[in-house]
Amino acid sequence: MMMFLVLVLLFISIPQVRTGSLLTGTNDPNSTALYNNRRDVQEIDVLRQIINQETLIRVSLVNDVRAAVDDVNSVKRNMTSTETTVSSLQQTLNGLKSQVDSLKRDTTLAQKVETLQWQVYTLRQDRTLEHRVETLERQVSTLSQDNALQRKLEILQKKVDSLTEEQKRENNNYQKKIQEFKRKFSRKIADVYDLLNNRTLKTVQKDAKLNKDCQDHYIEGQTQSGVYVVYPFHNETQVRVYCDMETESGGWTAIQKRVSGSVSFDRTWAEYKNGFGNANDSYWIGNDVIHELTKGRNSSLYVSITFRNGTTLYELYQLFSIADESDNYRLLLGGPATGTLGDSMLNTGSPYSDLSGMSFSTPDRDNDRYRFNCAAYSTRRGGWWFNFCHRTFLNGQWSPESWYRPWYPTVRSGTSVRGTMMMIKRH
Ligand SMILES: [Ca+2]
């Protein structure tokens, strides 16, 4: 570009040199003055025209040069812009190259993809896959059912816990009320008994009549089952007994009653003779009392066994009495026997088990037919009318494991027994 400009300027200067030499020419002025004048004028015109043309050309060239310079500047600007764009593209390209390099270096990803592809292939090839899915579905179904059952069990358990808690609270309240009642009225009850006894004694003294047993109380109008005082011996000897005023028309005197293991029945001959325990809980009324109440008149025996599930079975013997001590309180039992326990005392089908006619035995007095003492045999200690030895034994040890044959075969052990009762009533 610079060279082009130098050439243009040289071209412009050349005509100026030529014009200067023409204007300062050295031709002969004397001979040709006129001619020369005309020629000079012509030449001057020509020169003027040339100068004008050169001027025009010069102006035109200047304009061209300016345009060329503008073009050059424009091209420069374009080149600069293009260089910027190329630089930006280069940077982008470098960035992409580095990304590609990075991806190429990341072989882990490719390996993972390959592994997954292999697993997918393997799973597709696995012929047992469907079976495994079915098994899993069954397991899921079973687990769902288990979960449902578990939830139901949890709900039921919560209800049971709630009811148990409620029952405990109720029991506690009940026990508290009982304790409160006992605390409040124990003294009054004792006073009532004293009054009753005094009244009875006074009545006896006045009327010369004593209530011998529960039937006398019943005849007197007592219809409430409970503990009463009786006078079995036609004197002022008192005996507190439990009277059942409801069963079989009422008036039953309990000679034996067991409601808990708090009273041991492993007793001596003397204790069975005189009686032990207390009428509010468990007791044996005493063989002398039983003899006194049953001698000289017909009485019935009513035996009942109450089980832990709340049911009660019984057996009624039409005739019952025992001899006095001199005859070892021998048992005299007669039928018919009726009830739900079954006859295991009178006609058992075995002469070794029938109890009618048997003497009473205690651990310290062997009156049975067995070569050892049935009343002191192993752990089955207690008083009874043993034979060889027994199918019934209501005075056996309370311990369920040790209470052998309370009423065989209906009740083979004391495991299920909650209580027993032997009651008598005269005809
Ligand atoms: Ca014996």
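Which residues form one aromatic cluster? Phe265, Trp269, Tyr272, Phe276, Trp284, Phe320, Tyr329, Phe360, Trp384, Trp385, Phe386 and Phe393 do so. The model is predicted. The protein chain has 427 residues, of which 30% are buried, and contains seven helices and 11 strands. This briefing covers the overall fold, the aromatic contacts, the cavities, helix 7 and the backbone features.

**Overall fold and surface**

- The secondary structure of the protein chain consists of seven helices together with 11 strands.
- Of the contacts between residues at least 6 apart in sequence, 53% join residues that are at least 24 apart.
- The exposed area of the protein chain is about 27500 Å², and carbon and sulfur atoms supply 54% of this area.

**Aromatic pairs around tyrosine 272**

- The count of aromatic pairs comes to 20.
- One of these pairs joins tyrosine 272 and phenylalanine 276, with 5.0 Å from centre to centre and 90 degrees between the planes, an edge-to-face arrangement.
- Both tyrosine 272 and phenylalanine 276 are buried.
- Tyrosine 272 also pairs with tryptophan 284, again edge-to-face, at 5.5 Å centre to centre and with 70 degrees between the planes.
- This second pair links distant parts of the chain, since tyrosine 272 belongs to helix 6 (residues 269-274) and tryptophan 284 to strand 5 (residues 283-284), 12 residues apart.
- Tyrosine 272 counts as buried because its relative accessibility is 0%, where buried means under 20%.
- Tryptophan 284 is likewise buried, because its relative accessible area is 1%.
- Tyrosine 272, phenylalanine 276 and tryptophan 284 are among the members of the aromatic cluster named at the start.

**Arginine 258 and aromatic rings**

- Arginine 258 lies over the face of phenylalanine 265, at 4.1 Å from the ring centre.
- Phenylalanine 265 is itself one of the residues in the aromatic cluster.
- The charged end of arginine 258 also sits over the ring of tryptophan 403, at 4.9 Å from the centre of that ring.

**Cavities**

- Three cavities of 30 Å³ or more are counted.
- The largest cavity holds about 50 Å³ of space.
- Its lining is formed by Asp213, Gln215, Gly251, Thr253, Leu293, Arg297, Ser299, Ile424, Lys425 and Arg426.
- Strand 11 (residues 417-426) contributes the largest share of this lining, with three residues.

**Helix 7**

- Helix 7 (residues 287-294) is mostly covered, with eight of its eight residues buried.
- These buried residues are Asn287, Asp288, Val289, Ile290, His291, Glu292, Leu293 and Thr294.
- Leu293, a buried residue of helix 7, also takes part in lining the largest cavity.
- Glycine 296 follows helix 7 and has a positive phi, near 75 degrees.

**Cis peptide bonds**

- Glycine 335 and proline 336 are joined by a cis peptide bond, with omega at about 5 degrees.
- Proline 336 has its place in strand 8 (residues 331-339).
- A cis peptide bond also joins tyrosine 408 and proline 409, where omega is about 5 degrees.
- Proline 409 is located in the loop between strand 9 (404-407) and strand 10 (411-413).

**Positive phi in residues other than glycine**

- Histidine 234 is not a glycine, yet its phi is positive, near 60 degrees.
- The loop between strand 1 (226-230) and strand 2 (239-244) contains histidine 234.
- Histidine 234 counts as exposed because its relative accessibility is 63%, where exposed means over 50%.
- Glutamate 248, also a residue other than glycine, has a positive phi of about 45 degrees.
- The loop between strand 2 and strand 3 (252-258) contains glutamate 248.
- Glutamate 248 counts as partly exposed because its relative accessibility is 41%.

**Glycine 310**

- Glycine 310 has its place in the loop between strand 6 (299-307) and strand 7 (312-322).
- Glycine 310 counts as partly exposed because its relative accessibility is 40%.
- The C-alpha atom of glycine 310 is separated by 10.0 Å from that of glycine 419, a residue 109 positions away along the chain.

Conventions:
Residues numbered from 1 in each chain as written. Predicted model: local features only at pLDDT ≥ 70, side-chain atom pairs only at ≥ 80, totals over all residues. Heavy atoms only, no water. Phe/Tyr/Trp six-rings, centres within 6.5 Å; stacked < 30°, edge-to-face > 60°. Buried < 20%, exposed > 50% of the residue type's maximum accessible area, 1.4 Å probe, protein only. Helix = DSSP H or I, 4+ residues; strand = E, 2+ residues; numbered from the N terminus. Lys NZ or Arg CZ within 6 Å of the ring centre and 35° of its normal. Contact = heavy atoms within 4.5 Å. Areas by Shrake-Rupley, 256 points an atom, 1.4 Å probe, with all protein chains shown as cover. 1 Å grid on protein atoms, 1.4 Å probe; cavity = no way out; pocket = protein on both sides within 12 Å on 5 of 7 lines; lining within 4 Å. Points joined across faces, edges and corners; volume = space filled by probe spheres on them.
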